[in-house]
Amino acid sequence: MQLLIMRHGEAGWHTLDQERELTESGRLGAAEVAARIAESPWRPKLIWSSPYVRARQTAAIVSEILNCPVEEKLFITPDDDPGACLDALIEQHESPLMIVSHMPLVGSLATLLVDAHRRGIPFMTSQAVMLDMPVVGPGCADLKAQFLP
């Protein structure tokens, strides 16, 4: 499986974390990264998005540029267990797949798949990484590319 993991674009402030919207800079960063992915050999066939507004907005921008559908997943919000996402990935057959989510989940998921631990690496807003996994499981992925705004 080929998996793109992307952090949402820069978001503004809101009293409810789930309702934070992308800033203009966040929209531009998401579009810039999507354009770079479009030029790569790893265009996703499907995007999984967190239900939070900023992730949904990022996924919509990426979806429009890459011409692929988006599915909302309730188990990829900021503090969800990356193991739940791993369980869903094991059942997933679309590849390449893209996940648009948040810190700390994106960092924890990336290190779980590459290094088999959950300490997590930092992701900038709009950053994406491409992982290649012959088998979906902890420590089974290789980092193939990184896309920065």
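Which residue just after H4 takes a positive phi? Hold that thought, everyone, and I'll come back to it once we've walked through the fold. One thing up front: this is a predicted model.

Let's begin with the layout. The protein chain has six strands along with four helices. Starting at the N terminus, the order is β-α-β-α-β-α-β-α-β-β, so you can follow along on the screen.

Now the overall dimensions. The C-alpha trace spans about 40 × 35 × 25 Å along its principal axes. The radius of gyration is 14 Å, which agrees with a compact globule, because 149 residues would give a value near 15 Å in that case. On the contact side, take the pairs with a separation of 6 or more: residues 24 or more positions apart account for 67% of them.

For those of you who like surfaces, the accessible area comes to about 6900 Å², and carbon and sulfur atoms hold 50% of that. Of the 149 residues, 51% count as buried. As for charges, there are 12 positive and 19 negative ones, and their mean positions lie 3 Å apart.

Now to helix H4, residues 105-115. H4 is mostly covered, with nine of its eleven residues buried. Among them are Leu105, Val106, Gly107 and Leu109. What do the buried residues of H4 pack against? Their partners are three strands, E1 (2-7), E4 (97-101) and E5 (128-132), plus helix H3 (82-91).

And that brings us back to the opening question. The residue is alanine 116, just after H4, with a phi of about 65 degrees. Thanks, everyone!

Notes. Residues numbered from 1 in each chain as written. Predicted model: local features only at pLDDT ≥ 70, side-chain atom pairs only at ≥ 80, totals over all residues. Heavy atoms only, no water. Helix = DSSP H or I, 4+ residues; strand = E, 2+ residues; numbered from the N terminus. Rg over C-alpha atoms; globule rule 2.2 N^0.38 Å. Buried < 20%, exposed > 50% of the residue type's maximum accessible area, 1.4 Å probe, protein only. Contact = heavy atoms within 4.5 Å. Areas by Shrake-Rupley, 256 points an atom, 1.4 Å probe, with all protein chains shown as cover. Lys, Arg positive; Asp, Glu negative; His and termini not counted. Charge placed at Lys NZ, Arg CZ, Asp CG, Glu CD.
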